[in-house]
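Trainee: I would be grateful for a close look at one part of this structure, with its surroundings described in a connected way.

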Amino acid sequence: MIPITEEEIALIHRYVCEGIGDPKRLTLLYLVAQRPHNVTELTEALGVAQPTVSHHLRILRERGLVLAEREGTSVYYTLADSRVLDAIEMMRGFVADLMREQAEVVAR
């Protein structure tokens with residue numbers, strides 16, 4: 001394994017951990033990975049207020065996790081790099097394994 005520096009750890013935390021550190025932002029990443037969405041579509045999909053969605057999109061944009069592209073009067077958001085979802089899927093598998101192991105312990 002390649003050693004990691006404190007600077008790299010700080011950057012990972014700032015750009016990735018803080019970026020995906022809210023369930024709504026994780027949901028937004030999955031939605032924009034499917035196809036480009038505008039704020040109205042994302043607001044409807046999440047069932048939350050437009051300012052809340054805009055706030056989360058700003059955080060995701062600032063951390064380079066989503067891209068925004070204007071089309072006429074609308075701005076459409078897309079996933080900036082599919083590797084982010086690859087990493088999240090790895091964590092998802094880890095959590096699924098943990099839940100399965102805990103269920104087995106409880107069942108015993």
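The request and the reply below concern a strand residue, its sheet and the charged pairs elsewhere in the chain.

Trainee: Please take His-37, which lies in strand E1. Which residues does His-37 touch, which residue stands opposite His-37 in E3, and is His-37 buried or exposed? I should also like to know which residues the salt bridges join into one network.

Mentor: The model is a predicted one, and what follows should be read as a description of that prediction. I shall begin with the sheet and then turn to the residue itself.

The sheet is open and has 3 strands in the order E1-E3-E2, with antiparallel pairing. Its edge strands are E1 and E2, each of which pairs on one side only. Strand E1 covers residues 37-38 and is joined to strand E3, residues 74-79, by 2 bridges. On the other pairing, strand E2, residues 66-71, runs antiparallel to E3 over 6 bridges. The hairpin of E2 and E3 has 2 residues between the strands, and Gly-72 in that hairpin adopts a positive phi near 65°.

Within this arrangement, His-37 belongs to E1 and faces Tyr-77 of E3. Asn-38 has Tyr-76 as its bridge partner in E3. Tyr-77 also appears in the pairing with E2, as the bridge partner of Ala-68. Tyr-77 therefore takes part in both pairings, opposite His-37 and opposite Ala-68, with E3 in the middle of the order E1-E3-E2 and the sheet's strands defined as DSSP runs.

As to its exposure, His-37 has a relative accessible area of 4%, so it counts as buried. Two backbone oxygens are reached by the side chain of His-37: that of Arg-35 at 2.7 Å and that of Leu-31 at 3.3 Å. Leaving aside residues up to four places away in sequence, His-37 touches Leu-31, Val-32, Leu-42, Val-75, Tyr-76 and Tyr-77. Leu-31 thus appears twice, as a contact of His-37 and as the owner of a backbone oxygen that the His-37 side chain reaches. Tyr-77 is likewise both a contact and the residue opposite His-37 in E3.

Aromatic rings deserve a brief remark. A search of the whole structure returns 0 aromatic pairs. A charge does sit over one ring, however: Arg-14 lies over the face of Tyr-15, at 4.9 Å from the ring centre.

I now come to the charged side chains. Side chains of opposite charge can pair when their charged atoms come close. The structure holds 7 salt bridges. One of them joins Glu-89 and Arg-92, at 3.0 Å from N to O. Both residues lie in helix H5, residues 82-107, where they are 3 residues apart, about one turn of the helix. Glu-89 is partly exposed at a relative accessible area of 35%, whereas Arg-92 counts as exposed at 53%.

The network you asked about consists of Glu-18, Arg-58, Glu-62 and Arg-63, joined by salt bridges that share partners. Glu-62 pairs with Arg-58, their closest N and O atoms being 3.0 Å apart. These two residues are 4 residues apart in helix H4, residues 50-62, so about one helical turn separates them. Glu-62 also forms a salt bridge with Arg-63, with the closest N and O atoms 3.7 Å apart.

Exposure varies among these members. Glu-62 is partly exposed, with a relative accessible area of 46%, and Arg-58 is partly exposed at 34%. Arg-63, by contrast, counts as buried because its relative accessibility is 16%, and the cut-off for buried is under 20%.

Glu-18 is found in the loop between helix H1 (6-17) and helix H2 (23-34), and it counts as partly exposed at 34% relative accessibility. Apart from residues up to four places away in sequence, Glu-18 touches His-13, Arg-25, Ile-59 and Arg-63. Arg-63 is thus a contact of Glu-18 as well as a member of the network. As a measure of distance along the chain and in space, Glu-18 and Glu-104 are 86 residues apart in sequence and 32 Å apart from C-alpha to C-alpha.

Technical notes: Residues are numbered from 1 along each chain as its sequence is written. This is a predicted model: local features need pLDDT of at least 70, side-chain atom pairs count only at pLDDT 80 or more; totals for chains, interfaces and linings use all residues. Side-chain values use heavy atoms; hydrogens and water are left out. Rings of Phe, Tyr and Trp (its six-membered ring) pair if their centres lie within 6.5 Å; planes under 30 degrees apart count as stacked, over 60 as edge-to-face and the rest as tilted. A charge sits over a ring if NZ of Lys or CZ of Arg is within 6 Å of the ring centre and within 35 degrees of the ring normal. Two strands pair if DSSP finds at least two bridges between them. Buried means under 20% relative accessible area, exposed over 50%, partly exposed in between (1.4 Å probe, protein chains only). A polar contact is a pair of N or O atoms within 3.5 Å; within protein, one must be able to donate a hydrogen and the other to accept it, and residues adjacent in sequence count only if both atoms are side-chain atoms. Contact means heavy atoms within 4.5 Å. A salt bridge is a side-chain nitrogen of Lys or Arg within 4 Å of a carboxyl oxygen of Asp or Glu.
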